[in-house]
Amino acid sequence: MAQQPVGAYEYPDVPLVPEGQSKHLGTYGNLIPGTMLCEYLEKFAKDEGLLDRIIFNTKVIRIEKRGTVENPHGWDIFVQGGKPDGSPDYICDKLIVATGQTSEESIPENLLAAGSSFVPIIHSKYMGKKYEILAAENVSRIAIYGSGKSALDAVYMCAKMGKRVDWIIRPDEVGAGAAYFAPAVSVGGKSTNDLISSRYAGKHLPSLLAMNDGWYRFFHSGASTFGYWFNGFYWRHLSKVLWKSMGYNKSENGKNLVPTIKPEDRP
């Protein structure tokens, strides 16, 4: 399930839900099911002629600059199982690396050494493929290592299956704690997503692309003492509202999930 409402993940000229249909068609509380989002992106890529330009199941193992730094002539790209003579598989003038942060899983070496066929270690990106293993009747207890959003999803899924879950989070600023409990609906019944993604909210975020904007000069440049103070007040107030709504203090287990935040960053 995508943790965004309908309208957040769609192209302006191609609505996710067909025009004339209910905005909630096929969605769950206006959130987008992963299958629905995948089908939408596949259809868009096919209709726009993008599929013919995508080379699937190909791993890039090396990239080399052609020419020199002072006089570049593009890039050589080498892929796994490429040309036997060692020549570049692809040559391009411009190169954009857009692999994301989770294209390859990161598993601590000590966990890899402890793994076995009897106690499998499953990265969160494979939870779908390994669902039957997790849901098996002979599996009664599952440990989740990490505190990111994928860990929270894994904890929720395993708990819903009736498993006993041990959630392991490092007790330092690296482990940080799970800071992803902001509700879908915030103060006044407004969507949290609408609140933080509004045009006004964007003015409180400094951008190198909008330094000539009057809002930037007022909130971020320091030219206005009041504007600079008000920007800090805005974020402190918003943090307090969201922090309170997360409900960490509703249970003893919830208190254990309070993120480790530097004193100066606390709301």
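The following legends describe an overview and several close-up views of a predicted protein model.

**Figure 1. Overview of the predicted model.** The protein has 267 residues, of which 22% are buried. Nine helices and seven strands make up its secondary structure. The exposed surface of the protein amounts to about 20000 Å², and 55% of this area is supplied by carbon and sulfur atoms. Of the contacts between residues at least 6 apart in sequence, 37% join residues at least 24 apart.

**Figure 2. The open sheet formed by S3, S4 and S5.** Three strands lie in the order S3-S4-S5, and their pairing is antiparallel. Strand S3 and strand S5 (residues 90–92) are the edge strands, each pairing on one side only. From one strand to the next, the twist averages 20°. In general, the strands of a sheet pair through backbone hydrogen bonds, and the arrangement may be parallel or antiparallel.

**Figure 3. The hairpin of S3 and S4.** Strand S3 spans residues 60–67 and strand S4 spans residues 72–79; the two run antiparallel and are joined by six bridges. Four residues lie between the two strands of this hairpin. Two cross-strand positions can be followed in this view. Ile63 stands opposite Ile77 in S4, and Glu64 has Asp76 in S4 as its bridge partner. As a general rule, side chains in a regular strand alternate between the two faces of the sheet.

**Figure 4. Asn57 in the loop that precedes S3.** Asn57 belongs to the loop between helix H1 (residues 34–47) and S3. The phi angle of Asn57 is near 50°, a positive value in a residue other than glycine. Most residues other than glycine have a negative phi. Asn57 counts as exposed because its relative accessibility is 85%, and the cut-off for this class is over 50%.

**Figure 5. Asn231 in helix H8 and its surroundings.** Helix H8 covers residues 225–245 and contains Asn231. With a relative accessible area of 11%, Asn231 falls under the 20% limit and is therefore buried. Its side chain makes a polar contact of 2.7 Å with the side chain of His204. When residues up to four places away in sequence are set aside, Asn231 touches His204, Phe219 and His220.

**Figure 6. Gly222 in the loop between H7 and H8.** Gly222 is placed between helix H7 (residues 214–219) and H8. The relative accessible area of Gly222 is 42%, so this residue is classed as partly exposed, between the limits of 20% and 50%. Apart from neighbours within four places in sequence, Gly222 is in contact with Arg217 and Tyr228.

**Figure 7. Ile169 in the loop between S7 and H5.** The loop that holds Ile169 connects strand S7 (residues 164–168) with helix H5 (residues 192–196). Ile169 has a relative accessibility of 22% and is partly exposed, because this value lies between 20% and 50%. Ile169 and Ala151 are 18 residues apart along the chain, and their C-alpha atoms are separated by 9.9 Å.

**Figure 8. Cys38 and Cys158, two cysteines in different surface classes.** Cys38 has a relative accessibility of 40% and so counts as partly exposed, the class between 20% and 50%. Cys158, by contrast, has a relative accessible area of 1%; this is under 20%, and Cys158 is therefore buried. A disulfide requires a pair of cysteine sulfur atoms within 2.5 Å, and by this rule the model has zero disulfides.

Methods: Residues are numbered from 1 along each chain as its sequence is written. This is a predicted model: local features need pLDDT of at least 70, side-chain atom pairs count only at pLDDT 80 or more; totals for chains, interfaces and linings use all residues. Side-chain values use heavy atoms; hydrogens and water are left out. Buried means under 20% relative accessible area, exposed over 50%, partly exposed in between (1.4 Å probe, protein chains only). Contact means heavy atoms within 4.5 Å. Accessible areas come from the Shrake-Rupley method with a 1.4 Å probe; for residues, only the protein chains shown count as cover. A polar contact is a pair of N or O atoms within 3.5 Å; within protein, one must be able to donate a hydrogen and the other to accept it, and residues adjacent in sequence count only if both atoms are side-chain atoms. Two strands pair if DSSP finds at least two bridges between them. Axes are lines fitted to C-alpha atoms, for helices over the stretch in contact, and angles run from 0 to 180 degrees between N-to-C directions.
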